[in-house]
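Colleague: Got a minute to go through this one with me? I'd like to start with the charged pairs and then move on to the pockets.

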Amino acid sequence: MFESLIQGNNNPSGGSIVFHSNTHQRYENGNPVRGEQVGCHRDVVIEKNISNGIGYSVCVNNPDAIPGLWGATPMGYKPMKIVSISAGKVELQGYGYDKNAVAMGIPMRDATFENYGMTVFHDGQNIIHCVLHMIERGVDIDYYIK
């Protein structure tokens, strides 16, 4: 799976990658806010698209939370596809929309997965850190190990 990701393959054969972060920093409009969250565990999960579409499904989990309770999944699964690769970096962009949200009357502009992206930084062997982009909010969250 990791090889598919770093080679820019939007049709991986299967499997998943889990990046275990122990620190994150939130940025709003490029400015760090709330301080560095050291010892705050998050798992960034990247796997073959769970809806059998192209690309990947990406989510962020809190492994310290009680499953099923608020905060256990800071970001649920979003379908994403690779839009750019370069030395040490893979950029993914959300696509499609949340059909359940639209069915509940949420406007399409708010139900689109295009509002999300993920940049994965790697050394060719392992993920070094990941940055979640919440584009319409101007928010980036950098997940890393300290």
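Colleague: Is Lys89 buried, partly exposed or exposed?
Modeller: Partly exposed: this is a predicted model, and in it Lys89 has a relative accessible area of 27%.

Colleague: What does the Lys89 side chain meet?
Modeller: Glu91, in a salt bridge with an N to O distance of 3.9 Å. Glu91 has 27% relative accessibility, so that residue counts as partly exposed.

Colleague: How many salt bridges does the structure hold?
Modeller: Four. One of them joins Arg26 and Glu28, where the closest N and O atoms are 2.9 Å apart.

Colleague: And is Arg26 buried or exposed?
Modeller: Buried, because its relative accessibility is 18% and the cut-off for buried is under 20%. Its partner Glu28 is at 29% and counts as partly exposed.

Colleague: What about Glu36, which side chain does that one meet?
Modeller: Lys146, again in a salt bridge, at 2.6 Å from N to O. This pair ties together distant parts of the chain, 110 residues apart. Glu36 sits in strand E2, residues 31-48, while Lys146 is in the segment after strand E8 (139-144).

Colleague: How accessible are those two, Glu36 and Lys146?
Modeller: Glu36 is partly exposed at 34%. Lys146 is exposed, with a relative accessible area of 58%; the line for exposed is drawn at over 50%.

Colleague: Switching to pockets. What volume does the second largest pocket have?
Modeller: About 280 Å³. It is lined by 13 residues, and those closest to its centre are Ser51, Pro79, Tyr97, Lys99 and Phe113.

Colleague: Which helix and strand each supply at least two residues of that lining?
Modeller: Strand E4 (75-86) and helix H2 (99-103).

Colleague: How does the lining split by class?
Modeller: Six nonpolar residues, five polar and two charged.

Colleague: Back to Tyr97, where is its place in the chain?
Modeller: In the loop between strand E5 (89-94) and H2.

Colleague: Which nonpolar residues make a surface patch with Tyr97?
Modeller: Val102 and Met108. The three together make a nonpolar patch of about 250 Å².

Colleague: Why can Tyr97 count towards a patch at all?
Modeller: Because its relative accessible area is 38%, and patch residues need over 30%. That value makes Tyr97 partly exposed. So Tyr97 is in the surface patch and also among the residues closest to the centre of the second largest pocket.

How values were computed. Residues numbered from 1 in each chain as written. Predicted model: local features only at pLDDT ≥ 70, side-chain atom pairs only at ≥ 80, totals over all residues. Heavy atoms only, no water. 1 Å grid on protein atoms, 1.4 Å probe; cavity = no way out; pocket = protein on both sides within 12 Å on 5 of 7 lines; lining within 4 Å. Points joined across faces, edges and corners; volume = space filled by probe spheres on them. Helix = DSSP H or I, 4+ residues; strand = E, 2+ residues; numbered from the N terminus. Nonpolar A, V, L, I, M, F, W, Y, C, P; charged D, E, K, R; others polar. Patch = residues over 30% accessible without salt bridge, like charges linked within 9 Å, V, L, I, M, F, W, Y side chains within 5 Å. Areas by Shrake-Rupley, 256 points an atom, 1.4 Å probe, with all protein chains shown as cover. Buried < 20%, exposed > 50% of the residue type's maximum accessible area, 1.4 Å probe, protein only.
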